[in-house]
Every structure is written in C-alpha cells, then in structure tokens.
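Biologist: Can you pull up the model? I have a few questions about it.

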Amino acid sequence: MGAAAFFCLLLSLWVQDVTATDLGFTRSDFPHDFAFGAGTSAYQYEGAVAEDGRSPSSWDNFTHAGKMEDKSTGDVAADGYHKYMEDVKIMSETGLEAYRFSISWSRLIPNGSGAVNLKGLEYYNNLIDELVNHDLPQIVEDKYGGWLSPRIVILEPLVFGDYPEVMKKNVGSRLPPFTKNQSELIKGSLDFIGINHYYSLYVNDRPLETGVRDYNMDMSIYVRGSRTDPPPPAGQGAPTNVPSDPKGLQLVLEYLKGTYGNLPIYIQENGKHNFPPEASMGSADGSLDDTDRIAYLSSYMESTLHALRNGVNVRGYFAWAFMDLFELLSGYQSRYGLYSVDFADERRPRRARLSARWYSAFLKEKAGTSALLWNAR
C-alpha cells in the first residue's frame, strides 16, 4: 500500500470514528422529514453571464466596476450552468436530502418583467427552486431601486402587518407606511422563515444620532464580537473576526419561536470559510483536510437539535456551501465548499473535502450505510 493510499485509509477510519462516536447525536435523532442539505446561489455558482439570453444583473455591474477586493467577477464562477448535471450526480452520491439554490432573475426574466427566457427556463427545468436570489436584473435595480424599493418588506410586517415601532421612530418619514389594505394583505402571508447564520454578535443600545443617517445609524447600536470587546466607534460595521458560537444559533431559533409564533424555520446557510494559501485565483483549494469545518458544522447541527427538542419548528439545515463559489463579500479569497473547485482550471474540477465525506457518512448512517468512505486506492 502506497503512502497516499495509507493516508486515505487513515482518514476514512477517522471519519468513521467521528461519525459514530464523537458527535453525541445521529441523523436518526432528527425527525424523518427534517431536511439536511447544502446550498449554492445563482450568481455565485452558475457563471455563463452572457449566454442564452441572460441580461446583466446588479452584481455583474458591481463586480465589473472593480469593486471586489480581489477584482474578481462571477462571469464563470463554478460554471454551474454547464456542470449542473455533474453536480447533481455528486449531490446524489453525497446523500443530500435537499439542495437549496436560487434562480437568477436576470436569466429567467431578463427584462425584469414580461417574457420568460425559454433558454433560462430550460436550464431551471432540472432544478426545483427554493427561493429567488438577490441577483436582480439591472433594469429592475434602475426602475425600483432594488431592495430599497417600498415593495420589499422585512419579517415583522409579514407576521404582524406593520414595521416595529422602534423602526418607525428611528427611520421616520423615510420609511413608507402601509395602507390598511396593504397591511391586511401582507399580514400572515409568509410560508416559513429562512435564516442565514454564521456567527453571533453582541449589541448594545446607543443614542440615536442627528444629521445624515443610513442603515447603520438607524439601528443605533454598538456591535462587538465578544462581551469583553470595547464598544466600537459609531458607524463602524460588524467585526470580521469573531469566535464560533453554536449556542447563538439555538438562541436565535428560540427567539424566533417566542417572538413570531412557531412558524416553520429553515437554516438556509451555515458554514465556515477557509482562506486558500494561494492567490485568489490560484490553482488549489488549500487543503482537502478541513477538520475545522467538520467541528464547526457538527456543533451548529447539534445546536439545531437542541432547539428542536425545545419545541422550535425547525424543518431543515443547509450547509454553506455545497462547493466553492464566488463569495459576495470576498470573491475567490475564501472557500466555504464541502467540495473544492479549482478556479484556475477552466474545467473547474470538483474534489471532495473531508467535510463532504463526513457529512455524507452522517446522512447515510440512517440507512445503515458504512461511514468507511475513503478507499485505499
């Protein structure tokens, strides 16, 4: 047996040991209809930005203006538009119970409204959409102001029919009010709550400032990464280096239950990034041995289980991301994927990280599938 084969065998035994012993829970501890999956997102995954009738999106314009730190774009990304059949096969082999993806509005309805792009429809025919992505056609961004449009509302109006009082007080006349009819139409109109959770932040109230205000100023809070951090300057964004806090996810889920009623909740994104040692578009993915990601994901899955046992109506958990993607805040400088993607290779080959094999072993355990996944080859 060669050294590489011996290394793979050791890893396979390690995966088996972690799945069977160290977690303290198994797939069967979750309800049978609970969905475990992984996610991608249209602009971050598909590429093919100028193919088959797709119109430019707000993200195309943003990245082509050179606004990403690494000057990258999603023009090709993981090339999911051409490789989706291969990827669906990998999902099946992994044992995913659900796949959360988004639909590119720019690809499906290029003019923002009206005619459907048949080529775009053909692409999505093999996928089941879970939500529409924030990858807006630029024409919609120009016409309505994108997500700043009064046609877009946050969670509170969908449950109670109006914005929170503190929000109306802080934002004032800049917040469009609902008519009585609008309030009645939107109240109770949601099917489920979807959350993206990566880490926890501590917040403290601070005095509402006068003068020119924006989103951060309207919140009127101090944001810290830990209890011991000093309050940051007013207007400073959230800290970027914060510790893992799986208990925070449980508390969020229980807060949503207590505040908004026991609506169905899906954890749409939860994941940990690694920084590749190469340049942003360098050939490799850093390492396939991402044991830190396994520790992260397993701790947040356990936190989800605790919330379930406390009566929260959690219906699913989706690891972010199924594979390495173009990340909206960092381009190709950070990797979240269970599967690595070599962005320097035009073929965009995928390779399973240890976390993908571990997740697969966890999911297949409910059917008695062996966790010994890495063969000596």
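Modeller: Here it is; keep in mind that this is a predicted model. Leaving aside residues up to four places away in sequence, Ser303 touches Pro246, Lys247, Leu249 and Gln250.

Biologist: Is Ser303 buried or exposed?

Modeller: Ser303 has a relative accessible area of 4%. Buried means under 20%, so Ser303 counts as buried.

Biologist: Where in the fold is Ser303 found?

Modeller: Ser303 is in helix 13, which covers residues 291–309.

Biologist: Back to Gln250. Which atom of Gln250 lies 3.0 Å from a polar atom of the Ser303 side chain?

Modeller: The backbone nitrogen of Gln250.

Biologist: Different topic. Which residues form a nonpolar patch on the surface?

Modeller: Val116, Leu118 and Leu121 form one. Together they have about 270 Å² of accessible area.

Biologist: Where does Leu121 lie, and how does Leu121 count in terms of exposure?

Modeller: Leu121 lies in helix 6, residues 118–124. Its relative accessibility is 35%, between the 20% and 50% cut-offs, so Leu121 counts as partly exposed.

Biologist: Now the whole chain. How many helices and strands?

Modeller: The protein chain has 14 helices and eleven strands. It has 377 residues, and 48% of them count as buried.

Biologist: What supplies the area that the chain exposes?

Modeller: The chain exposes about 19000 Å², and carbon and sulfur atoms supply 55% of that.

Biologist: And what share of the contacts with a separation of 6 or more comes from residues 24 or more positions apart?

Modeller: Such residues account for 73% of those contacts in the protein chain.

Notes
Residues are numbered from 1 along each chain as its sequence is written. This is a predicted model: local features need pLDDT of at least 70, side-chain atom pairs count only at pLDDT 80 or more; totals for chains, interfaces and linings use all residues. Side-chain values use heavy atoms; hydrogens and water are left out. Patches are made of residues with over 30% relative accessible area and no salt bridge: like charges are joined within 9 Å, nonpolar side chains (Val, Leu, Ile, Met, Phe, Trp, Tyr) within 5 Å. Accessible areas come from the Shrake-Rupley method with a 1.4 Å probe; for residues, only the protein chains shown count as cover. A salt bridge is a side-chain nitrogen of Lys or Arg within 4 Å of a carboxyl oxygen of Asp or Glu. Helices (H or I, at least four residues) and strands (E, at least two) are DSSP runs, numbered from the N terminus. Buried means under 20% relative accessible area, exposed over 50%, partly exposed in between (1.4 Å probe, protein chains only). Contact means heavy atoms within 4.5 Å. A polar contact is a pair of N or O atoms within 3.5 Å; within protein, one must be able to donate a hydrogen and the other to accept it, and residues adjacent in sequence count only if both atoms are side-chain atoms.
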